[in-house]
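Hi,

Here is the structure I said I would pass along. Have a look at it first, and then read my notes underneath.

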Amino acid sequence: MSDAVGGSTAGTTDGSPTGGAAAGSTTGPADGPTHRPTPLTTGGAAAAGSATRAAGGSSAGPRGLVVGVGASRGVPVDEVHGLVEKALREAGLSTSEVVALATVDAKAAEPGVLGAAERLGVPLWTYGAERLARVPVENPSPAALRAVGTPSVAEAAALAGGGELLVPKRRSAPAGRPAGVTCAIARLGSRTPSTTAVTRPQRT
């Protein structure tokens with residue numbers, strides 16, 4: 001499997017949109033990501049030059065980590081979150097440094113990806129396939145290009161805001177079936193993406 005965003009492996013991967021934009025989301029400028037709210041992002045908003053973590057009230061500056069994620073349709077949240085945590089741990093990085101998960105628009109409504117962002121207490125940034133296709137990456141995938149229109153999801157989404165790739169694309173290793181998730185980790189550069197921040201209305 002070349003990238004966990006599409007293809008034909010046992011019918012588990014699918015590059016078609018999974019529901020479109022999340023309810024209440026707002027799209028930022030053409031080259032900036034859309035911020036998808038998670039149930040934890042109820043009070044703050046990411047601003048240019050900073051990214052606020054929703055959990056615990058702590059914050060990380062623009063040099064925080066962005067984890068790019070590619071996912072098959074219906075992938076479990078445990079597989080997404082587990083791969084992200086393992087990649088961070090093995091690279092000597094901390095979940096407290098993560099300021100966002102990032103993916104392609106076609107995966108904006110994928111429950112496993114949204115759930116992983118919720119567990120980490122960070123927003124989900126999504127980019128259009130055309131934007132991701134312009135990002136140079138180490139491990140392009142013809143399967144991803146066919147499925148969602150970009151040769152990279154995980155690495156390109158991690159790098160779309162600028163910065164340095166720390167962990168190249170990695171795949172999950174579930175027992176008895178093909179990988180359903182890829183992830184890559186980048187440290188944001190001094191230039192944060194121009195974005196429109198979105199928060200979910202507080203529950204009553």
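Below is what turned up, going from the core to strand S8, then a serine in a loop, and last the salt bridges.

One thing to keep in mind as you read: this is a predicted model.

Let's start inside. The largest nonpolar core has 23 residues. If you want to click on the ones with the most contacts inside that core, they are Val67, Val69, Leu88, Val98, Leu101 and Ile185. Five elements each supply at least two residues of this core: strand S4 (65-71), helix H1 (77-90), strand S5 (98-104), helix H2 (111-120) and strand S8 (181-187). H1 gives the largest share, with five residues. There is also a second, separate core of 22 residues, and its members include Val99, Val104, Ala160 and Ala184.

Val69 is a good residue to centre your view on. Leaving aside residues up to four places away in sequence, Val69 touches a long list of others, among them Val80, Val84, Leu101, Val113, Val153 and Val181.

Now for S8. How many of its seven residues are buried? Seven of the seven, so to speak the full strand, are buried. Val181, Cys183, Ile185 and Arg187 point one way from the strand, while Thr182, Ala184 and Ala186 point the other way. On one side, S8 pairs with S4 in the antiparallel sense over seven bridges, and Leu65 stands opposite Arg187 there. S8 also runs antiparallel to strand S7 (residues 164-171), with five bridges joining the two. In that pairing, Leu165 has Ala186 as its bridge partner.

Between S7 and S8 there is a loop, and Ser172 sits in it. Is Ser172 buried or exposed? It counts as buried, because its relative accessibility is 10% and the cut-off for buried is under 20%. The side chain of Ser172 makes a polar contact with the side chain of Glu79, at 2.5 Å. Besides Glu79, Ser172 touches Leu83, Ala179, Gly180 and Val181, again not counting residues up to four places away in sequence.

Last, the charged pairs. Searching the whole structure gives four salt bridges, and here are three to look at:

- Asp78 and Arg119: the closest N and O atoms are 2.8 Å apart. Asp78 lies in helix H1 and Arg119 in helix H2, so this pair ties together parts that are 41 residues apart in sequence. Asp78 counts as exposed at 52% relative accessibility, whereas Arg119 is partly exposed at 44%.
- Arg170 and Glu90: the closest N and O atoms are 2.8 Å apart. Arg170 is in strand S7 and Glu90 in helix H1, and the pair links parts of the chain 80 residues apart. Arg170 counts as partly exposed, with 21% relative accessibility.
- Glu97 and Arg187: the closest N and O atoms are 3.0 Å apart. Glu97 is in the loop between H1 and S5 and Arg187 is in strand S8, 90 residues away in sequence. Glu97 is partly exposed at 25% relative accessibility, but Arg187 counts as buried at 19%.

Arg187 is worth a second look, then: it forms the salt bridge with Glu97, and it also stands opposite Leu65 in the pairing of S4 and S8.

Cheers

Conventions: Residues numbered from 1 in each chain as written. Predicted model: local features only at pLDDT ≥ 70, side-chain atom pairs only at ≥ 80, totals over all residues. Heavy atoms only, no water. Core = buried A, V, L, I, M, F, W, Y, C linked by side-chain atoms within 4.5 Å. Buried < 20%, exposed > 50% of the residue type's maximum accessible area, 1.4 Å probe, protein only. Helix = DSSP H or I, 4+ residues; strand = E, 2+ residues; numbered from the N terminus. Contact = heavy atoms within 4.5 Å. Pairing = 2+ DSSP bridges. Polar contact = N/O pair within 3.5 Å; in protein donor to acceptor, adjacent residues only side chain to side chain. Salt bridge = Lys/Arg side-chain N within 4 Å of Asp/Glu carboxyl O.
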